[in-house]
Amino acid sequence: MASYQLTGGWAIWLSLFIALLLSIAPLPQGLMAFRPLWISAVFIYWSLFLPHRSSLFAAFIFGLIIDVMVNSLLGQNALVLVLTVYITLLFQHKIRPQPIIRQTFMVTIILTLGQIIQIWIYTLTGIYPNKFSIFDYIFPIITTAILWPWLSAALRSLQIRVGIN
């Protein structure tokens, strides 16, 4: 019986850490609404292509870190990230073999569900961020969808070079 050893876990964590930094990096005020959903996109990629390495617990922890860093309701981003990873894992067999255009469309649907959950939480709690605008939730989906083919190619290249399995 051949043994199967998982390798390259450090690269997954590094990509998630970089996505976390990109999620909180300061941007000019005019570009804040266009900030891609980096951490969600990276979690979606690893959930699609290495579902056995994806973790709902890791998504929860990263969501809590984002909650603390952006001063949002504790658990809000954690819930969104956990649901994003869960939905991705649920449909990864249908999304992964699709051409990149369809894959981008399906990822966009998952990201849209995440943003709807964010707005739903704001509505339930009655705690809205300053200057609440629906475009602050639509533009990140669009920029993430535009970046998805390149992000996916970059993470695929990392996966091959490092030998992540």
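**A six-helix model, by question**

Visitor: How many helices and strands are in the protein?
Guide: This is a predicted model, where local features need pLDDT of at least 70, side-chain atom pairs count only at pLDDT 80 or more, and totals for chains, interfaces and linings use all residues. Numbering starts from 1 along each chain as its sequence is written, and side-chain values use heavy atoms, leaving out hydrogens and water. Elements are DSSP runs numbered from the N terminus (helices are H or I, at least four residues; strands are E, at least two). The count comes to 6 helices and 0 strands.

Visitor: Which residues touch the most other members of the largest nonpolar core?
Guide: Such a core joins buried Ala, Val, Leu, Ile, Met, Phe, Trp, Tyr and Cys residues through side-chain atoms within 4.5 Å, with buried being under 20% relative accessible area (1.4 Å probe, protein chains only). This one has 32 residues, and the top spots go to Ile 39, Phe 43, Trp 46 and Trp 148.

Visitor: Which element gives the most to this core?
Guide: Those giving two or more residues are α1 (9-24), α2 (38-49), α3 (56-70), α4 (76-95), α5 (100-125) and α6 (135-162). With 9 residues, the biggest giver is α2.

Visitor: What is the radius of gyration of the protein?
Guide: It's taken over C-alpha atoms, and the globule rule is 2.2 Å times the number of residues to the power 0.38. For 165 residues, a compact globule would be near 15 Å, which agrees with the protein's 16 Å.

Note on methods:
Buried means under 20% relative accessible area, exposed over 50%, partly exposed in between (1.4 Å probe, protein chains only).
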